[in-house]
Amino acid sequence: MQIKDAIGEALETIRTQKLKSFFSLIGVLIGVTFLIAVVSIVQGMNVYMEDRFANKLVGLNTFQLRRMPNFSMGNISEETWREWARRPRINYAEARYIEGKMATPAIYSRYCSQNLPVSWAGKTANGVDIWTADAPMFQIKHLDLEAGRVFTPQEARLGQAVAVIGWEVGDKLFKGADPLGKSITIEGLPYRVVGLVSKQGTLFGFSLDKFVVVPFDSPVHRVACSLGFMDELHIQTENLASMQVALTEVEELMRMQRRLRPAQENNFAMQTAEGALEGWKKISAILMVALPMLVAISLVVGGIVIMNIMLMAVAERTREIGIRKALGAKRRDILAQFVVESATLSTVGAAIGIATGIGLAFLVRATTPLPAAVAPWSILLGVAIGVGVGMVAGVYPATRAAKLDPIRALSQE
Amino acid sequence: MSDLVIQIRELTRAYHMGAEIVHALRGVSLDIRRNEYVAIMGPSGSGKSTLMNLIGCLDTPTSGEYWLNGQEVSRMPDDALARVRNREIGFVFQTFNLLPRASALANVELPLVYGGVSARERRRRAQAALHRVGLGDRMDHRPNELSGGQRQRVAIARALVNNPAILLADEPTGNLDSATSEEIMRVFETLHAQGQTVIMVTHEADIAAHAARIVLLKDGRIASDAPNRRGVAA
């Protein structure tokens with residue numbers, strides 16, 4: 001029969017019995033809300049993690065040669081930790097050897113960091129990341145300057161006390177005044193500000209602008225690293241393919257220098273952006289497996305509730321079914337009417353669920369550092385779930401309605 | 001022969017009531033010609049409701065034959081019976097049996113919906129049927145906004161909208177006061193005068209008196225079948 005009439009009937013039922021309908025739809029509503037919200041947040045996180053997290057913290061086509069991995073997720077055993085701690089640090093000789101022997105074109109920067117207060121004219125910025133690095137670091141990390149310059153090769157080689165400051169440090173100490181040429185104090189020694197880095201924004205709510213870059217060999221080096229060693233050697237190649245080549249080259253060069261036998265494992269780590277994402281990928285994979293199960297549970301409950309509502313509707317409207325049959329409705333007309341009605345009810349629940357799910361995702365985005373991006377496929381899936389659950393839940397009540405004997409149905413009060 | 005709308009031969013209907021078998025009809029034979037106005041009477045338990053259900057194709061007989069408008073309907077499956085009810089029979093019930101949430105127009109359109117008539121044609125024919133019963137100005141009212149007599153007129157319009165072979169009325173005035181009853185009977189008379197075959201089941205003698213022929217049932221058999229002496233000439 002006419003789908004339009006059945007849809008109208010369902011909407012009429014919802015309109016006249018708002019509260020009852022709401023409760024009957026809450027299962028589907030919650031299921032779909034959850035689906036949309038979680039998928040949106042996971043999708044948003046994926047984009048965020050790939051775009052910002054990996055590229056800001058590691059850099060595009062870049063990897064870091066380190067003593068141990070710095071983004072490690074999951075359970076790391078006591079032995080692993082001890083093994084990592086026993087590893088030798090990366091030293092200057094190793095870094096120079098790599099730079100000299102590498103066939104793949106690349107740029108390099110040694111790197112150590114230390115959290116220290118920075119002050120100027122009685123004002124102090126606490127907890128500033130002091131990076132001791134070589135000049136290519138600005139290129140590797142895509143740090144564009146808002147004012148001034150990066151340090152010269154000469155300043156770098158001599159380890160002169162010059163500094164390029166992050167946007168937030170400049171804002172805090174100089175409050176809009178020109179920081180260039182001013183002398184800031186780090187560890188009791190004066191550093192001349194030669195450059196100001198443009199604003200980098202935040203990552204999970206943490207500022208990416210609270211740092212100062214100084215030449216690797218400048219005086220603060222003795223606080224940040226042990227003499228002759230570095231925390232990391234940053235290596236950037238031209239593209240992703242050459243980075244893959246560079247990774248194997250660096251691995252071979254390091255194994256050669258450290259005289260590792262084939263059976264021995266690497267006693268150093270190479271951190272890529274990809275590697276930094278590994279932990280997140282594990283979490284999102286777990287979410288994507290757990291999500292369908294959670295959604296399925298609420299949908300099964302929602303489906304059963306809708307089935308009950310439809311059984312009640314069939315019981316309440318037995319006489320109506322009798323009238324329709326007397327006027328010529330075939331079994332499948334009655335069947336279709338109640339299945340469509342059930343599907344309509346459920347789809348309305350799903351539609352509300354989609355709206356609240358999107359609302360929830362935006363709320364999360366507005367109030368937490370977590371990003372959210374609504375995936376169009378999840379909306380389509382939500383609608384499909386609504387129609388599907390309703391149809392499945394409606395089949396049994398509709399079959400009962402279709403099988404009613406018209407004479408008995410008509411005699412029902 | 002083609003003048004016969006209904007041919008019933010030795011129709012029986014037995015029900016199982018637990019272990020017992022109840023014989024509601026024990027062999028009824030009946031012919032009704034086109035444009036007859038027949039009243040079926042009988043006390044309760046006489047089998048008149050069973051006969052009405054069989055004539056209305058809501059039920060199938062235990063044995064015997066029933067031909068309606070040239071088709072044998074006594075052996076038809078469910079869906080075929082639904083089609084016959086839709087095309088050949090116009091029901092008028094004691095309790096009107098209108099859909100409470102639908103307007104008068106939508107109620108009258110309902111048989112056309114199941115007959116697969118297009119929306120525009122449905123509307124046109126339903127409006128015509130409502131005009132025919134004098135409710136052209138009440139088409140958008142819901143049943144609870146109409147009087148008993150008006151509701152029964154809507155039901156009659158619904159019964160007529162598919163141009164059925166028979167108009168089958170079951171105690172059509174049972175829920176109406178006597179003035180309204182007379183009004184409804186005049187509608188039936190008008191329809192009969194326009195050529196409609198009318199079959200009315202009732203236990204009220206003064207209502208049956210409007211018919212041209214009275215069939216009296218007793219204990220599942222026809223006790224008498226005669227032209228109405230006081231009757232209204234056809």
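Let's start at C57(B), which sits just after helix α1 of chain B and takes a positive phi of about 60 degrees. Keep in mind that we're looking at a predicted model.

Now step back into that helix, residues 48-55 of chain B. Is it buried or exposed? Eight of its eight residues are buried, so the helix is largely enclosed by the rest of the structure. Among those buried residues are K48(B), S49(B), T50(B) and N53(B), along with L51(B), M52(B), L54(B) and I55(B).

Next, the nonpolar cores. The largest one has 127 residues, and those touching the most other members are I40(B), V108(B), L130(B), A157(B), L168(B) and I199(B). Which element gives the most to this core? That's helix α2 of chain A, residues 18-57, with 16 residues. If you'd like one residue to click on, try V108(B): leaving aside residues up to four places away in sequence, V108(B) touches A126(B), A129(B), L130(B), V154(B), A157(B), R158(B) and V161(B). There's also a second, separate core of 47 residues, including F138(A) and M243(A).

Last stop: strand β7 of chain A, residues 183-186. Its side chains alternate. I184(A) and I186(A) point to one face and are buried, while S183(A) and T185(A) point to the other and are not. On one pairing, two bridges join β7(A) to strand β3(A), running antiparallel, and V118(A) has I186(A) as its bridge partner. Four bridges join β7(A) to β8(A), also antiparallel, with S183(A) partnered by R192(A). These two, β7(A) and β8(A), make a hairpin with two residues between them, and E187(A) in the turn has a positive phi of about 55 degrees.

Thanks, everyone!

Definitions and conventions
Residues numbered from 1 in each chain as written. Chains lettered and ligands numbered in written order. Predicted model: local features only at pLDDT ≥ 70, side-chain atom pairs only at ≥ 80, totals over all residues. Core = buried A, V, L, I, M, F, W, Y, C linked by C-beta atoms within 7 Å. Buried ≥ 20, exposed ≤ 12 C-beta atoms within 10 Å, placed from the backbone. Contact = placed C-beta atoms within 7 Å. Pairing = 2+ DSSP bridges.
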